[in-house]
Amino acid sequence: MKKFKIVQIVLFVLICLFMGSFLITPTDSKASFNYVTKTTLKSENMDQYTEQNNQNIKRFLSIDPTAYKNVSYYKNVDDMKASEIVLVQFKSDDQAAAFEEAMNQRVSDQLNIYDAYLPKEADLCRDAIVYTQANYGIYVTNKKADAIVDRFKTSLKGESK
Amino acid sequence: MSFSSLIFIFAFLPLTLLLYHLLPTSQIKNMVLLFASFLFYAWDDPKFLILLILSVLWNYVSALSFNQETDTKKRKRSFVFGVVVNILILGFFKYTNFFLGGLVHLKLSLPIGLSFFTFSAISYLADVYMGKSKAQKNLLSVALYISFFGKVNMGPIVQYHDMEEFLAKREVTGEKWNTGIVLFLKGLFKKVLIADRLAVMFGALAADTSVVGTWLYAISYMLQLYFDFSGYSDMAIGLSRLFGFDFAPNFDHPYIARNIQDFWRRWHISLSRWFRDYIYIPLGGNRVSQTMYIRNIMIVWLCTGLWHGANWTFIVWGLYYGLLLLLEKYFLRDILSHVPTAVQHIYTLLLVLIGWVFFMSPNIGAAFGVIGRMFFIGTNGLISSSAWFYLKSNILLLIVACVFSTTFYKYLWRMDVVFLHKQAPLAATIVYVLLFVISITYIISSTYQSFLYFAF
């Protein structure tokens, strides 16, 4: 019976450690917004995108750009294309949840638009990525979304000295 | 991985079946099934496989531990501890942010199927504790019971004592094979050909504020949820038969119910049974004073609501059903028994529809907004042009969905068995193959929607 108790204690500790690992949150990135933006987008052909102004950020993304430290929104010049990229630096980490919610809503709205007429674009929307880490967030609808987000994560580690 | 994904239908399932049926002993077959189940579970997010394995080990050891206790108090304490750790895991991932109330928002993603496999695990502990089953010495059997890919993601929540005998030995008869395939296909058709079409209509009408548009919005969700979840359950039960298991149906035409109690005997039967057997009856069931009975009902329905999600809408949805069941028991039963059957159906469908509005809404305010618009409050007219468009273009789909949510399919199945299978088996096969090809076409054309109950 004692051996079961010991195994139970070991398992309980492992379960707690597993759950605890979700409580470890990354610290704020010290990288500048300019550096993060440049690094994230460096392999992307930005000619096909237009950087949107605050009015369009409000209109398309339903977020208030003045509430954030920095926001950049790049939208494909062709309205028949779904690809777009949003980079954001939060004023405080608790803005992350609202940002994720707004971006997920954007994906859902875009999906509704493209679903019936442009299945390839709808597929892009389905594979869209919304990711936040401490004081930064990104939303990407792009066929190379994974690579862009990987570069974003790398950029948060900061400029190499 | 989802049952209605191409990789599952054309690679995972056929390969697992092939391997399973080629291998000789039940122990090796179980090993293959367990490996396949772990692969299935880890497909989308491998990190949560660790949690599933820890859960399996925890419950295996816990049952053996309290089963060896001779002292009743210590045994109970050990059992309660086993259950509490399961609830702790569920609570941590599912309810932490809800209970923190927005003070801090932790980045916790819900492991897929957590609510389902945790309830299976608790069923195992409870069955051993209550003496319904013996503590399993074979780790493989406990692991397969909790993780079997036929039920790990979205149920049905098969109770351990119902699955126990199949874990040791099972047989795949010709009858099981045939009914399994047909049930799997039936589920696929329900999901792809009906639920996913209704999902498009539901999504399109989300912003419609006319009376008819709001009714269509709510009705399309009501039908979508049924065809989505019952379709998944049919697929789960069907494919389980291909591996020799025999699970009870999870749905029994809930929308033909004549009252709320009847509805809950037909909707998500495995979850209702779980709450009845492991919460309601241990609390005393109905063999207690009236006050305690009311308390028991409200506890069960509060838990049912909470089980579905960490949101006030689910809590209200659960309590709403608790109150309706009490109202029926104490006031409405006699009245309902004296009104025509059609009125009983309308009464049930209307109340269930209102319930689904709470269930589908992001918050209570939005739910009341939808209910208000259904009854001419806060609308912008009787019918909008988009509502009229979606009504016209989906009328056939709505009729098909309504017809197939009755016992019409059972009738068709009898006709099929009696007439087609005997007189023209080739014709029956062609019908199924044709529907299968259409379903696959829909999946390939990317109009597939993920299963709604994955969210729970």
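Q: How do you know that helix H2 and helix H6 of chain A pack against each other, and at what angle?
A: In this predicted model, H2(A) (residues 33–41) and H6(A) (residues 145–155) have axes 8 Å apart and pack at an angle of about 145°. The contact draws on Tyr35(A), Val36(A), Thr39(A) and Thr40(A) from H2(A), and on Ile148(A), Arg151(A), Phe152(A) and Ser155(A) from H6(A). These residues count as being in contact because they have heavy atoms within 4.5 Å.

Q: What makes up the contact of H2(A) with H6(A), in terms of nonpolar, polar and charged residues?
A: The split is 4 nonpolar, 3 polar and 1 charged. Arg counts as charged, and Arg151(A) of H6(A) is part of this contact.

Q: Which hand does the crossing of H2(A) and H6(A) have?
A: H2(A) passes H6(A) in a right-handed crossing. That name goes with a near helix turned clockwise from the far one.

Q: Why are S1 and S4 of chain A called edge strands?
A: Each of them pairs on one side only. The order in this open sheet of 5 strands is S1-S2-S3-S5-S4, with antiparallel pairing. Neighbouring strands are turned by 10° against each other on average, direction ignored.

Q: Where does H2(A) pack on the sheet?
A: H2(A) touches strand S2 (70–76), strand S3 (84–89) and S5 of chain A, and its direction makes about 155° with that of S3(A).

Q: How do you know that strands S4 and S5 of chain A pair?
A: Two strands pair if there are at least two bridges between them, and 5 bridges join S4(A) (residues 129–133) to S5(A) (residues 136–141). The two strands run antiparallel. Among the partners, Val130(A) is matched with Tyr139(A), and Gln133(A) with Tyr136(A).

Q: What lies between the strands in the hairpin of S4(A) and S5(A)?
A: There are 2 residues between the strands, and Ala134(A) takes a positive phi near 50° in this hairpin.

Q: What makes up the lining of the second largest pocket?
A: The lining has 24 residues, with Gln261(B), Arg265(B), Arg276(B), Tyr280(B) and Ile297(B) nearest the centre of the pocket. A residue belongs to the lining if it has an atom within 4 Å of a pocket point. Helices H10 (260–266), H11 (269–280), H12 (290–308) and H13 (312–337) of chain B each give two or more residues, and H11(B) gives the most, with 7 residues. The lining divides into 11 nonpolar, 6 polar and 7 charged residues, and the pocket has a volume of about 740 Å³.

Terms used:
Residues numbered from 1 in each chain as written. Chains lettered and ligands numbered in written order. Predicted model: local features only at pLDDT ≥ 70, side-chain atom pairs only at ≥ 80, totals over all residues. Heavy atoms only, no water. Helix = DSSP H or I, 4+ residues; strand = E, 2+ residues; numbered from the N terminus. 1 Å grid on protein atoms, 1.4 Å probe; cavity = no way out; pocket = protein on both sides within 12 Å on 5 of 7 lines; lining within 4 Å. Points joined across faces, edges and corners; volume = space filled by probe spheres on them. Axes fitted to C-alpha atoms, helices over the stretch in contact; angles between N-to-C directions.
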